[in-house]
Amino acid sequence: MKMIFNYFRLRAKFFLLYLLLLFLLFAVYGLYGLPFGPAQYTALLLSLVCVLFCIADFFSFAKKLRYYAVMQNQLVALPNGVPFSPSPTEEALLAVIRQLSQRAQAAETAHTAQLSATNEYYTLWSHQIKTPLAAMRLLLQEPELDTDALLQELFKTEQYVEMVLGYQRLKMSTKDLVLQEYPLNTLVHKAVMGVSTLIIHKKLSLDLAELHGIVLTDEKWLIFVLEQLLTNAAKYTARGTISIYQSADAPHLLVVEDTGIGIRPEDLPRVCEQGYTGCNGRLEEHSTGIGLALCKQVMAMLGHSFTITSVLGKGTRVTLDLGRKKLETE
């Protein structure tokens with residue numbers, strides 16, 4: 001009944017026009033004094049044609065409503081084909097709906113993939129952060145407190161927290177960037193101080209060259225990247241040296257180099273992929289496979305870039321290009 005009411009409301013102008021034509025027909029016959037027999041016969045034929053047209057038009061209208069009801073329930077996966085002949089206006093509207101549906105489907109797919117990656121990371125992170133916490137609890141129960149070991153576990157905990165905070169901030173729609181000019185030497189020294197506990201604990205040598213120049217960047221984010229790179233260098237270097245210096249040919253290139261175990265050639269192209277740990281990561285039980293991926297995203301956000309070269313068994317070199325690149329605007 002509601003469908004019939006909607007149909008008559010939609011075709012109200014047509015029925016009014018039909019009644020107006022009948023009125024004019026009988027009015028003309030009346031003005032000329034003609035007998036109404038032919039007018040009645042003509043009105044009967046017009047009414048029959050009108051009824052047949054309305055029946056066919058109503059079924060077409062009902063088919064369209066059913067199609068649009070299916071479309072309403074399946075906005076992402078639209079039904080294939082159109083079971084009626086759309087008008088030019090309807091064809092244009094259907095084209096817009098299809099485009100919106102494709103965008104919605106792409107957005108849903110991207111959101112699902114991002115949600116899956118996020119859940120995977122947080123699940124891994126929540127399990128791994130338990131390790132230093134449990135170690136600290138055990139150390140506190142010892143008769144003699146091992147301060148150095150306790151500081152190491154505290155350092156690991158802080159690193160995990162900083163990493164997850166960086167991960168969250170990168171996923172935000174607005175990035176808290178504060179671009180200013182900073183002395184490169186100051187930024188590197190702050191990063192070194194942040195990981196000094198790990199370097200001292202592993203008894204590694206630090207060769208920090210005299211750095212010159214000014215960098216236009218965000219202090220917090222660039223230090224985050226440097227700390228991640230220095231932590232990786234210390235983690236995978238059993239003995240030897242971590243070197244930080246500027247390229248002699250290009251002062252805007254900052255190099256972080258270690259004499260650690262290096263990276264296998266087959267792992268090197270994928271070390272910046274989220275969740276990829278490679279052979280070294282599988283050997284290192286606390287590896288999340290997220291640090292370098294975050295560094296890559298942060299550097300791109302800052303308009304910088306970095307490259308990694310490595311020789312298995314001899315060490316790894318990370319070259320940061322701190323030159324100014326075109327920043328993406330949102």
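1. A quick definition before anything else: a nonpolar core here is a set of buried Ala, Val, Leu, Ile, Met, Phe, Trp, Tyr and Cys residues joined through side-chain atoms within 4.5 Å. Keep in mind, too, that you're looking at a predicted model. With that in hand, the largest nonpolar core has 50 residues, and L254 and L320 are the members that touch the most others. Helix 8, spanning residues 219–235, is the top contributor to this core, with ten residues.

2. It's worth clicking on L320. Skipping neighbours within four places in sequence, its contacts include V225, L226 and L229. H252, L253, L254 and V256 are also on the list, as are M299, S305 and F306. Apart from that big core there is another one, made of eight residues, including Y18, A43, C50 and C54.

3. Some context for the whole chain. The secondary structure adds up to ten helices and seven strands. Of the 330 residues, 36% count as buried. If you take the contacts with a separation of 6 or more, 66% of them are between residues 24 or more positions apart. The chain exposes about 20,400 Å², and carbon and sulfur atoms supply 62% of that.

4. On to the charged pairs. Side chains of opposite charge can pair when their charged atoms come close. The count of salt bridges comes to five. One of them joins D57 to R11, with the closest N and O atoms 2.6 Å apart. D57 sits in helix 3 (residues 37–73), while R11 is in the loop between helix 1 (2–10) and helix 2 (12–31), so this pair ties together parts that are 46 residues apart in sequence.

5. Are the two partners in that pair buried or exposed? D57 has a relative accessibility of 13%, so it counts as buried; the cut-off for buried is under 20%. R11 comes in at 24%, so it is partly exposed.

6. Another salt bridge runs between E219 and K190, whose closest N and O atoms are 2.3 Å apart. It links distant parts of the chain, with E219 in helix 8 and K190 in helix 7 (residues 184–201), 29 residues apart. Both ends are partly exposed: E219 has a relative accessible area of 22%, and K190 is at 40%.

7. The strands get a salt bridge as well, R317 with E257, where the closest N and O atoms are 3.4 Å apart. R317 belongs to strand 7 (residues 315–321) and E257 to strand 5 (residues 253–258), 60 residues apart, so here too distant parts of the chain are linked. R317 is partly exposed at 36%, and E257 is partly exposed at 23%.

8. Now for the outside. Which residues make the nonpolar surface patch of about 510 Å²? That would be L17, L20, L21, F23 and L24. L21 lies in helix 2.

9. Last stop, T157 in helix 6 (residues 147–171). With a relative accessibility of 12%, T157 counts as buried. Its side chain reaches the backbone oxygen of E153 at 2.9 Å. Not counting residues up to four places away in sequence, T157 touches I129, P132, L133 and M136.

Methods
Residues are numbered from 1 along each chain as its sequence is written. This is a predicted model: local features need pLDDT of at least 70, side-chain atom pairs count only at pLDDT 80 or more; totals for chains, interfaces and linings use all residues. Side-chain values use heavy atoms; hydrogens and water are left out. Buried means under 20% relative accessible area, exposed over 50%, partly exposed in between (1.4 Å probe, protein chains only). Helices (H or I, at least four residues) and strands (E, at least two) are DSSP runs, numbered from the N terminus. Contact means heavy atoms within 4.5 Å. A salt bridge is a side-chain nitrogen of Lys or Arg within 4 Å of a carboxyl oxygen of Asp or Glu. Patches are made of residues with over 30% relative accessible area and no salt bridge: like charges are joined within 9 Å, nonpolar side chains (Val, Leu, Ile, Met, Phe, Trp, Tyr) within 5 Å. Accessible areas come from the Shrake-Rupley method with a 1.4 Å probe; for residues, only the protein chains shown count as cover. A polar contact is a pair of N or O atoms within 3.5 Å; within protein, one must be able to donate a hydrogen and the other to accept it, and residues adjacent in sequence count only if both atoms are side-chain atoms.
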